[in-house]
Amino acid sequence: MSAEATNPATPGPGAPAAAVRRKARPRIDLRRLGRAALLGNAARGRLPDAIGHVAEAHRAHYPDADLEPLRRAYVLAESSHRGQMRKSGEPYITHPLAVTLILAELGAETTTLTASLLHDTVEDTDVTLDQVREQFGEEVRYLVDGVTKLEKVDYGAAAEPETFRKMLVATGSDVRVMSIKLADRLHNMRTLGVMRREKQERIAKVTRDVLIPLAERLGVQALKTELEDLVFAILHPEEYEHTRELIAENAARADDPLAGIAEEMRGVLREADIPAEVLIRPRHFVSVHRVSRKRGELRGADFGRLLVLVNEDADCYAVLGELHTCMTPVVSEFKDFIAVPKFNLYQSLHTAVARADGQVAEVLIRTHQMHKVAEAGVVALGNPYAPAADTPAPGTATETAGAAAPADGERADPTRPGWLSRLLDWQKAAPDTDTFWSTLREDLAQDREITVFRPDGGTLGLPEGATCVDAAYAQYGEDAHACIGARVNGRLATLSTVLTDGDTVQLLMGQDPASEPSREWLEHAHTAAARIAIQRWLAAHPDSTEEPPDPAPSRPVPDFPASGTAPRTASAVVTDRPDATVRLAGCCTPVPPDEVTGFAVRGGVVTVHRVECASVAHMKSTGRPETAVSWGDSSGCRVTLVAESFGRPHLLADLTEAMAQEGAEIVSATVEPPSQQRVRHTYTVELPDAAHLPALMRAMRNVPGVYDVGRAQHQ
């Protein structure tokens, strides 16, 4: 059986105490449902009593819904599961009924509820997917198949991770698959008490690592928060019990600062003539625990938040203005998730106000529709695949949910959010079950997302902490192997640069088809897609090594002092000292037609510098007299150039070839060891004509990977 559970009337040791929980959705009376189920099917065409509560919850969201599919689905599920019992001793049919009620209360549409009633029939009974399709259509068949587990007989220890892989792939085509799975896991977690302690912990850990992050990404906060509390109770019973006591003590206090602040807030909004509801939302157990760890001793206002519900988007900002004007705002707490929605459809204004005694109340401001989406996420979208003409009447979930979708091109489609697309892409490249399972948990642990912009106006959604390496693989896939650098907000940046929300990223791609990723990139890859792509390439090229920075043993560039000697005598320079030996200074490597000056040094030598050289200013400041120098008739010259580049294979070969094509003879070359993927090259070259120098420098800059070329400026 897929759902191993017990009667919540006999809670296990880790079950949360209902007495101190915040407002919970009504729980199903499994004994009553069991009796109703055992009475058999209702008369044909009449709604069975056992699903009356489901129908009532469904009609609250969809007053005109056709309940016939629910009736037929219940009849099939009840007859198929008849005789099967849960570990608690209740008829098994109580489980799909409970799961369906959870979804109905969240506002799921009829197709989802129909599939929910049938979600265990193919897995645990003789019902086949073909039968489901014949009786209920392809949509219901797809949803049921999506949540049906793979057999342990066939997959062994890989059954659970491969089931999740199958479910995620199905979710990529229909997000309602994951809605049913989340509700299924919530009911099983609610009724986990009779399981062995070690099995409770195993299920709770998978719920924590996989299901809760998925609920967060799909925006289903109502399920996410309860799952968090149930996992907290099982995995951290002592801390859970301490938190429960804190909540109980606060509830027993006579004065509630949140109630006073809420009443003051209602008065402010009444005077401003803004129709609004002001509600107190108690924090759930995990939230209280987090706040207590962050702030230490808790005060009354820390046990909840204030929720202000209004009718229109503009009213949200009007409320914010009134609260900040008439009360004491904590401006640092302000966040606008209406103008910039979260990646899971969440929209709200966040702020905080302070009382005179120092108590601070957090405030959430949103419309009623935003609140529905904030609680139910994708479930509140109804059937997101229905044609526009089939949308229900105004005010129902499907018709208005689209208003909450952000304008961002990647995130606007709630049926295929960006994070899901990225997950589906990398899972194809992770055929090994262990790699998939461990990478999935790591990927889902990254619970914050940023948006970066491409130069063409497009966007990339990335997890917080992502680098330019991640952006490259997100944009180009495995073609990102040829990436040689990036510009972030117009400035050159290494591929290891960590991106922040709103950055503009231009990725610089090499033209060499033999380009290959660096092993160093793995240290900077934050996303699963980037890591797996790099690891696959490295595994396919086990003998590949980074190209050495210099084909010959590296030797340092001479650090010519201001009064030292240049590499050769400058026969092209004329001085007013006919007996003097003239040398070109190595600090600025002057060449025709540079404006130059000279200084006499020891041994009757005159060193020639460019006039803008820092050494010239230094020698003038010490009172050393200048010597007049000028260029003679010789057109040849020797010059030292410094090239800055990103590291990549074959760069040296490409660079030296480009220099040779411009007629430059390389006298010496030094390439410094790479630093943060940047490489510094120094070349001393002979040119037949100094007029060729600008063309040579342009040719060097045009080599892919080279981002700057300049004259040497050694001090």
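The following exchange goes through a few labels given to residues of this predicted model.

Modeller: Before you ask, this is a predicted model, in which local features need pLDDT of at least 70, side-chain atom pairs count only at pLDDT 80 or more, and totals for chains, interfaces and linings use all residues. Residues are numbered from 1 along each chain as its sequence is written, and side-chain values use heavy atoms, with hydrogens and water left out.

Colleague: Why is L345 called buried?

Modeller: Buried means under 20% relative accessible area, exposed means over 50%, and partly exposed lies in between (1.4 Å probe, protein chains only). L345 has 7% relative accessibility, so L345 counts as buried.

Colleague: And what makes the phi of L345 worth a remark?

Modeller: The phi of L345 is near 80°, a positive value in a residue other than glycine. Most residues other than glycine have a negative phi.

Colleague: How do you know that N489 is partly exposed?

Modeller: The relative accessible area of N489 is 45%, and partly exposed is therefore the label for N489. N489 also has a positive phi, near 55°.

Colleague: Why is K335 called partly exposed?

Modeller: K335 has a relative accessible area of 39%, so the label is again partly exposed. K335 also gathers with K294, K342 and R448 in a patch of positive charge on the surface. Patches are made of residues with over 30% relative accessible area and no salt bridge (a side-chain nitrogen of Lys or Arg within 4 Å of a carboxyl oxygen of Asp or Glu). Like charges are joined within 9 Å, and nonpolar side chains (Val, Leu, Ile, Met, Phe, Trp, Tyr) within 5 Å.

Note on methods:
Areas by Shrake-Rupley, 256 points an atom, 1.4 Å probe, with all protein chains shown as cover. Lys, Arg positive; Asp, Glu negative; His and termini not counted. Charge placed at Lys NZ, Arg CZ, Asp CG, Glu CD.
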